[in-house]
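Please read the following alongside the sequence and the 3D view. The text goes through several helices and a few individual residues in turn.

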Amino acid sequence: MGETFRQRQIPVARVLSSQWCRSLDTARLMDLAPVEPFPVLNSFFGDRTTEPQQTRALQQFILDQRNTPGVVVLVTHQVNITALTTLVPREGEAVLVRATPQGEIEVLGRI
């Protein structure tokens with residue numbers, strides 16, 4: 001995935017990751033930018049009580065990034081992606097989203 005970003009010269013503003021080892025490893029192996037642990041991206045699979053709060057915080061974060069030059073790469077877990085988008089990604093799949101001017105999160109595609 002990181003090589004694809006480089007080949008296509010996609011500018012990366014930041015890389016944020018769940019604090020879980022597998023996510024951090026994935027983010028680091030992409031080698032796009034320094035990886036910042038971001039607790040909002042941590043899986044809530046084992047404790048669904050945090051799902052609403054984390055999802056709202058992630059939505060707000062994405063909305064706040066809408067004027068950031070380049071892309072913000074977020075490495076997280078299936079349950080987080082599903083809560084945000086209603087999509088169930090396959091293992092290793094990326095879901096591309098953006099913040100709309102109307103303040104919504106729009107799914108652009110899947111890789």
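In this predicted model, the cover over the buried residues of helix H2 includes helix H1 (2–7) and the strands E1 (12–17), E2 (35–37) and E3 (71–75). H2 spans residues 21–30, and its buried residues are Ser23, Leu24, Ala27 and Met30. These lie on the same side of H2, because the arc they cover around the axis is only 125°. The general background is that an α-helix has 3.6 residues a turn, so residues three or four places apart point the same way. On the other side of H2, the exposed residues are Cys21, Arg22 and Leu29. After H2 comes aspartate 31, which has a positive phi, near 55°.

Helix H4 (residues 78–85) is a second case to consider. How many of the residues of H4 are buried? Six of the eight are, so H4 is largely enclosed by the rest of the structure. The buried residues are Val79, Asn80, Ile81, Thr82, Leu84 and Thr85. They pack against helix H3, strand E4 (95–99) and strand E5 (105–110). H4 is followed by threonine 86, and the phi of threonine 86 is positive, near 70°.

One of the buried residues of H4, threonine 82, can be followed further. The side chain of threonine 82 makes a polar contact with the side chain of glutamine 78, at 2.8 Å. When neighbours within four places in sequence are left aside, threonine 82 is in contact with Leu87, Val88 and Pro89.

The packing of H4 against H3 comes next. Two packed helices are described by the angle between their axes and the distance between the axes. For H3 (residues 51–64) and H4, the angle is about 70° and the axes are 10 Å apart. H3 is therefore roughly perpendicular to H4. The crossing of the two helices is right-handed. H3 contributes Glu51, Gln54, Thr55, Leu58, Gln59 and Ile62 to the contact, while H4 contributes Asn80, Ala83 and Leu84.

Among the H3 residues in that contact is Gln54. Is glutamine 54 buried or exposed? Its relative accessible area is 13%, under the 20% limit, so glutamine 54 counts as buried. The side chain of glutamine 54 reaches two backbone oxygens: that of valine 40 at 2.9 Å and that of asparagine 42 at 2.8 Å. Leaving out neighbours within four places in sequence, glutamine 54 is in contact with Pro39, Val40, Leu41, Asn42, Phe44 and Asn80. Valine 40 and asparagine 42 thus appear both in this list and as the partners whose backbone oxygens the side chain reaches. Asn80 belongs to H4, where it is one of the buried residues.

The last residue is leucine 108, in strand E5, a strand against which the buried residues of H4 pack. Leucine 108 has a relative accessibility of 52%, and because the exposed class begins over 50%, it counts as exposed. Not counting residues up to four places away in sequence, leucine 108 touches Leu96, Val97 and Arg98. How far apart are leucine 108 and aspartate 25, in sequence and in space? They are separated by 83 residues in sequence and by 25 Å in space, C-alpha to C-alpha.

Technical notes. Residues numbered from 1 in each chain as written. Predicted model: local features only at pLDDT ≥ 70, side-chain atom pairs only at ≥ 80, totals over all residues. Heavy atoms only, no water. Buried < 20%, exposed > 50% of the residue type's maximum accessible area, 1.4 Å probe, protein only. Helix = DSSP H or I, 4+ residues; strand = E, 2+ residues; numbered from the N terminus. Arc of directions from axis to C-beta. Contact = heavy atoms within 4.5 Å. Polar contact = N/O pair within 3.5 Å; in protein donor to acceptor, adjacent residues only side chain to side chain. Axes fitted to C-alpha atoms, helices over the stretch in contact; angles between N-to-C directions. Parallel < 35°, antiparallel > 145°, perpendicular 65-115°, else oblique. Left-handed = near helix turned anticlockwise from the far one by under 90°.
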